[in-house]
Amino acid sequence: MTDAAQGIAAEPFERIQCQWCQSMNEKAALACRACGAPLDIRNLVSESGWREAPRIRDMTEIHFSSSTCQVEGEIVPAAEINLGAGDSVFFEHHVMLWKEERVGMSLMQLSGGMKRAFAGMPFLISVATGAGRIAFSRDATGELVVLPLHPGMELDVREHAFLLASHQIGYSFIRVKGLTNILFGGQGMYMDRFVTTSTPGLLILHGYGNVFERRLKEGESIMVEPGAFLYKDSSVTMNVEFQKLGTGFFGGTNMSLARMTGPGRIGIQSMYVHHHTE
Amino acid sequence: MFCVNCGNILVEGQNFCRNCGNPVKRPGAAGQAAAYPAQAAAVLPQVPAPPPQAPMQASAPQPARSAMPGGRCSWCGSDVFAGQSTCPRCGAALDHPPAVTAGGWTELPGRKDMTKLQIGNSSCQIEGLYVPVADMNLAAGDSVYFTHHVLLWKDPQVNVTTMPLKGGFKRLLAGMPLIMTQAQGPGHIAFSKDDPGELIPVALQPGQSIDVREHMLLAATSNVTYDWFSTNVYFETRNGDEREVFHPVGAFMDRFSASTPGLLLLHAGGNVFIRQLAPGQTVLVKPTALVFKDPTVDMNLHFEHPRTNFVTWGRWSNMYFWLRLTGPGRVAIQSVFPQIEGEARNITGWSDATEARW
């Protein structure tokens, strides 16, 4: 740790920036310290402007405060966390894979949880506190999307899509506004909102299939299958619109698409399972 | 004689394979080389190239700088220019030989992430490896059609309408998607299916047709004609007075044809394997594993079961249920396949079937 710090101080320009999360890394590093993205592979960006979430190499280690997280496996990856003393992570139900006995568990106090329970969401957010090891995974093929949150970031995430977050991140949820958005938005009544305070934190999402991210300019918009929405900066607005399709047989059918309007990032998943909330 | 690397037929006197540039080793030169022809014979069936059209020299003068001569994509038969590492029509990686099993199945060619296909003025980029996305960049005037629940995202200006389908009502009764949706360029539109598996870009040559199992279609360019036919592969079960008819490959099969070069995008579960059947050659596959076949390939049900004295009721529970495919032509299968509905019931009737007892 101190060696690395000295190295950085001695040669301030001998560093490379991670293309995925913008963190600075030592020049010889093969994977980003903060998000695990391979540093020796260029960003994969499609011609239409989507960049693919980096495929984290098996057994890559990620660092946050005094803890580390190792990403294991490639088909259904697991995140194994070695919590430093005093560090903690919080998570939803049904994602914990295993833990050491000494890892302490508690419940996060949330306001408005009852309302959300009626809406079919688990309002129990559990907290695991170090020191000790604890591992998480989700029951579907897909990718772990590691989003180190820098101070001042505000991110909205599809409900049930987050795997875990470190304790530096503030968690709340927002109601999706508008009846159309709730009924046809394909993602229920609530979105999780993660806000960073003054220290950086780690947020790990699980995306079904492949995950792609795109940055929308101010006023630029794109139509997305509502079930494919994974996350967005809180500055991006979402509105469900209908596409009327006449069939000539039974008077037609409707197709709903979410119009996402910038500025900000938006993340989508290619396997848009309508899970849990359907 | 065949190339030991890619299975291409070698012309006498050549020192290098015209397809892949691999040096030619003649049998007899070394003890080991004598084994090559046998190996090459196993590699040969993968070449599914349709009959040649114009000779490629006419359209493409060979660039001198490349060590690799131009040729044909061994996967889709399209002409490939020298030095290209990816087939511009179907996305197959050309810089390494196809993986062929000892049993003669070729694995769907390795595709690099973000591979771009050109189709007329439009292009299609295939993104992701778990659940791949087909990202079409439609030129003005170009359009694609697609089934329900595959649209992932689109530019706001891309117009989406329904495409009229003939015989739609019959299709509806058979449980097939009635609504085919059409998107009009210019602009980007992307498709994916919510299943881990392979995205199969099928580059249709002019005059070529292909028969595809229902629900496999992701999208196709509008110059690809979409038709269907009755598979006539079924069996009937009986329980008292209750009769039911099951179609293990579907009541209908889609047939896609193209008069100008077209692109067909299919999605199959798991991994995809393909082989070329010689005339009269047969193979038994699980009926639900079939992905597509050339129209020249015939199919019928095939039962295998042990001999037993209790013919009437000992029979079906011990039976193996196959789809028998007879060449000539290509057949493709997927490694994730659903169970055959009705398989274990009391089967009293069936379409044209062959049988083997042991």
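What follows walks through chain A, one of its sheets, the contact between chains A and B, and the nonpolar core of this predicted model.

Starting with chain A on its own, the secondary structure comes to three helices and 23 strands. Of the 278 residues in this chain, 42% are buried. As for how the chain folds back on itself, take the contacts between residues at least 6 apart in sequence: 68% of those in chain A join residues at least 24 apart.

One piece of chain A that can be picked out by eye is an open sheet of six strands. Reading across, the order is β9-β10-β7-β14-β17-β12, and the pairing is antiparallel. At the edges stand β9 (104-107) and β12 of chain A; each has a single partner strand, so one side of each is left without a neighbour in the sheet. On average, and ignoring direction, neighbouring strands here are turned by 20° against each other. Further in, β7 (residues 88-91) and β14 (residues 162-166) of chain A pair in the antiparallel sense over two bridges. For a concrete pair to look up, A:Val89 has A:Ser166 in β14(A) as its bridge partner.

Now for the contact between the chains. Chain A puts in 31 residues and chain B puts in 29. On the chain A side, the elements that give two or more residues are β12 (142-149), β19 (221-224), β21 (237-245) and β22 (253-261). The largest share of that side comes from β19(A), with four residues. Sorted by class, the chain A side has 13 nonpolar, 13 polar and five charged residues. β12(A) thus turns up twice in this account, at an edge of the six-stranded sheet and on the side of chain A that touches chain B.

β19(A) also pairs with a strand of the other chain: its partner is β8 (residues 151-154) of chain B, in the antiparallel sense and over two bridges. Within this pairing, A:Val224 stands opposite B:Trp153 in β8(B).

That leaves the core. In soluble globular proteins, nonpolar side chains tend to be buried together. Here the largest nonpolar core has 144 residues. The residues with the most contacts inside this core are A:Leu205, B:Ala134, B:Phe191 and B:Leu266. To get a feel for one of them, consider B:Phe191, leaving aside its neighbours within four places in sequence. B:Phe191 is then in contact with B:Val133, B:Ala134, B:Phe146, B:Val150, B:Leu151, B:Leu152, B:Leu218, B:Ala219 and B:Leu265. One of these partners, B:Ala134, is itself among the residues with the most contacts inside the core.

Definitions and conventions
Residues numbered from 1 in each chain as written. Chains lettered and ligands numbered in written order. Predicted model: local features only at pLDDT ≥ 70, side-chain atom pairs only at ≥ 80, totals over all residues. Contact = placed C-beta atoms within 7 Å. Nonpolar A, V, L, I, M, F, W, Y, C, P; charged D, E, K, R; others polar. Pairing = 2+ DSSP bridges. Core = buried A, V, L, I, M, F, W, Y, C linked by C-beta atoms within 7 Å. Buried ≥ 20, exposed ≤ 12 C-beta atoms within 10 Å, placed from the backbone. Axes fitted to C-alpha atoms, helices over the stretch in contact; angles between N-to-C directions.
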